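Hello,

Here is the structure I promised to pass on to you. Please have it open while you read, and my notes follow right below it.

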Amino acid sequence: MPRMMAGLVLSFSLVAVANAEVYTWIDGRGVAHFSDYPPGDIPHKQLQVQPPVTVPMSENLGQGKRVSGIRKDVEGLLASGRSGGSGITEKAKAEAELEKTCATYRSKLGRIQSKLRAGYSNDRGNTLRQQRRTLSQKLSRECILR
């Protein structure tokens, strides 16, 4: 119970710090000062501190996919203009190759996961976990976050 009360008091004190007022003034030598208390009789301004803006990860990923799609469309149009209309087939080939690579990564991950479930010695299990980590990173970078 004392720990919970201490945590509650600490959280209230942090909230007070987060909403602190900020004052600014320029002294006689032309140096700008910032403080959380007013300087007294020196002319000063109170600054309005804006809260930080956060973007949910799902919205960020969605925006990244939209930008990637637009970039691919522009690259396809530029390629078709230079090569006389064959850019769309090249784009389709590249997408098919990427899907094939992603499917390969997923199947390898499935095999590694089934081996890990079967159980191995510590050294063999560590090797499989390292392979799983590497493949998961490749899958994320090349297939999910593109």
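Let me begin with the strands. β1 and β3 (residues 45–47) run antiparallel and are joined by 3 bridges. If you would like a pair to look for, Tyr23 has Gln46 as its bridge partner in β3. Please keep in mind that this is a predicted model.

β1, which covers residues 22–26, is also joined to β2 (residues 32–35). Here there are 4 bridges, and again the two strands run antiparallel. Two pairs will help you find your way along this pairing: Thr24 stands opposite Phe34 in β2, and Ile26 has Ala32 of β2 as its bridge partner. The hairpin of β1 and β2 has 5 residues between the strands. In that hairpin, have a look at Gly30, which takes a positive phi near 90°.

Stepping back to the whole chain, the protein has 4 helices and 3 strands. Along the sequence they follow the pattern α-β-β-β-α-α-α. Of the 146 residues in the protein, 14% are buried.

Now to the surface, where there are two patches to show you.

The positive patch: Lys108, Arg111, Lys115, Arg124 and Lys138 gather on the surface as a patch of positive charge. Two helices, α3 (87–118) and α4 (122–144), each supply at least two of its residues. Which of the helices gives the most to this patch? That is α3, with 3 residues. One residue of the patch, Arg111, lies in helix α3. Is Arg111 buried, partly exposed or exposed? Its relative accessible area is 48%, so Arg111 counts as partly exposed, a class that runs between the cut-offs of 20% and 50%.

The nonpolar patch: Met57, Leu61, Ile144 and Leu145 form this one, also on the surface. Together these four residues have about 380 Å² of accessible area. To place one of them, Leu145 is found in the segment after α4. The helix α4 itself also takes part in the positive patch, so you can use α4 as a landmark for both spots when you turn the model.

If you only have a few minutes, I would suggest starting at β1, with β2 joined to it by 4 bridges and β3 by 3. After that, go on to Arg111 in helix α3 and finish with Leu145 in the segment after α4.

Do write back if anything is unclear, and enjoy looking around.

Best wishes

Note on methods
Residues are numbered from 1 along each chain as its sequence is written. This is a predicted model: local features need pLDDT of at least 70, side-chain atom pairs count only at pLDDT 80 or more; totals for chains, interfaces and linings use all residues. Side-chain values use heavy atoms; hydrogens and water are left out. Two strands pair if DSSP finds at least two bridges between them. Patches are made of residues with over 30% relative accessible area and no salt bridge: like charges are joined within 9 Å, nonpolar side chains (Val, Leu, Ile, Met, Phe, Trp, Tyr) within 5 Å. Accessible areas come from the Shrake-Rupley method with a 1.4 Å probe; for residues, only the protein chains shown count as cover. A salt bridge is a side-chain nitrogen of Lys or Arg within 4 Å of a carboxyl oxygen of Asp or Glu. Lys and Arg count as positive and Asp and Glu as negative; His and the chain ends are not counted. The place of a charge is taken as NZ of Lys, CZ of Arg, CG of Asp or CD of Glu. Buried means under 20% relative accessible area, exposed over 50%, partly exposed in between (1.4 Å probe, protein chains only).
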